[in-house]
Amino acid sequence: MTQRSLAARAFLKTRDIEYFHTEGMLTFACPTCHYEAVMDEETTRWACTHCHADGNLLSLLQIASFKSARIEHGYNPERQRRDIQTMFLHAINDGQMNQQRLRCLYEKTMALIHYYRNS
């Protein structure tokens, strides 16, 4: 991992901006539209897949209001994994699982599997 990559991850973490990592890319919430923006970890160049805003890490640093952002439109596999884990822990601790919760857990698990199969 390079210094630029570490700086990009540190920036996103300290500003509480939701992101996830896949094959040298960081996906995070676009500061303009909150859809998925993708950053190359080595160059820190980023572009939004929706509104086509773009820039680099320095341009993100200059947006003072860019903090506590969640990806509103798109699929975040890390968030889904955490949700699935939480649902399993609740089911284990409660000792009960109704049909609706079971169906939701099934659908989240299948969506996560589909995401990883196609990436």
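## A tour from Cys33 to helix α4

Start by selecting Cys33, which is buried, with a relative accessible area of 18%. The model on screen is predicted.

**Stop 1: two cysteines.** Keep Cys33 selected and add Cys48. How many disulfides does the structure hold? The number is zero. Cys33 is in no disulfide, and its nearest cysteine sulfur is that of Cys48, 3.5 Å away. Read from the other end, Cys48 is likewise in no disulfide, with the sulfur of Cys33 as its nearest cysteine sulfur at 3.5 Å. Because a disulfide is called only when the two sulfur atoms lie within 2.5 Å, the distance of 3.5 Å between Cys33 and Cys48 does not qualify. Cys48 counts as buried, at 3% relative accessibility.

**Stop 2: the sheet.** Switch to a cartoon view and colour the strands. They make an open sheet of five strands in the order β1-β2-β3-β4-β5, with antiparallel pairing. Which strands stand at the edges? They are β1 and β5 (54–55); each has a single partner strand, so one side of each has no neighbour in the sheet.

Now walk across the sheet from the β1 edge:

- Select residues 19–22, which are β1; this strand pairs with β2 in the antiparallel sense over four bridges. Within this pair, Tyr19 stands opposite Phe28 of β2. The hairpin of β1 and β2 has two residues between the strands, and Glu23 in the turn has a positive phi of about 40 degrees.
- Move on to β2 and β3, an antiparallel pair with five bridges. Thr27 stands opposite Val38 in β3. Six residues lie between the strands of this hairpin, and His34 takes a positive phi near 65 degrees there.
- Next come β3 and β4, which run antiparallel and are joined by three bridges. Here Val38 appears again, standing opposite Ala47 in β4. The hairpin has five residues between its strands, and Thr44 takes a positive phi near 65 degrees.
- Finish with β4 and β5, paired in the antiparallel sense over two bridges. Ala47 has Asp54 of β5 as its bridge partner.

**Stop 3: the core.** Show side chains for Phe11, Leu12, Phe28, Cys30, Met39, Trp46 and Leu60. These are the residues with the most contacts inside the largest nonpolar core, which has 17 residues. At least two core residues come from each of α1 (3–14), β2 (25–29), β3 (36–40), β4 (46–48) and α2 (57–61). Which element supplies the largest share of the core? It is α1, with three residues. As a general point, nonpolar side chains in soluble globular proteins tend to be buried together.

**Stop 4: the salt bridges.** Hide the core and show the charged side chains. Three salt bridges are found in the whole structure.

Select Arg9 and Glu41 to begin. Their side chains meet in a salt bridge with an N to O distance of 2.8 Å. Arg9 is in helix α1 and Glu41 is in the loop between β3 and β4, so the pair ties together parts that are 32 residues apart in sequence. Are its two members buried or exposed? Arg9 counts as buried at 18% relative accessibility, and Glu41 counts as buried at 5%.

Then select Arg45 and Asp54; the latter was met above as the bridge partner of Ala47. The side chains of Arg45 and Asp54 meet in a salt bridge at 3.9 Å, N to O. Arg45 counts as partly exposed, at 44% relative accessibility, and so does Asp54, at 48%.

For the remaining pair, select Asp83 and Lys108. The closest N and O atoms of this salt bridge are 3.4 Å apart. Asp83 is in helix α3 and Lys108 in helix α4 (residues 99–118), so the pair links distant parts of the chain, 25 residues apart. Asp83 counts as partly exposed at 28% relative accessibility, whereas Lys108 counts as buried at 19%.

**Stop 5: a nonpolar patch.** Turn on the surface and select Phe88, Leu89 and Ile92. Together they make a nonpolar surface patch of about 310 Å². Leu89 lies in helix α3, residues 77–94. With a relative accessibility of 45%, Leu89 counts as partly exposed. The tour ends here.

How values were computed:
Residues numbered from 1 in each chain as written. Predicted model: local features only at pLDDT ≥ 70, side-chain atom pairs only at ≥ 80, totals over all residues. Heavy atoms only, no water. Core = buried A, V, L, I, M, F, W, Y, C linked by side-chain atoms within 4.5 Å. Buried < 20%, exposed > 50% of the residue type's maximum accessible area, 1.4 Å probe, protein only. Patch = residues over 30% accessible without salt bridge, like charges linked within 9 Å, V, L, I, M, F, W, Y side chains within 5 Å. Areas by Shrake-Rupley, 256 points an atom, 1.4 Å probe, with all protein chains shown as cover. Salt bridge = Lys/Arg side-chain N within 4 Å of Asp/Glu carboxyl O. Pairing = 2+ DSSP bridges.
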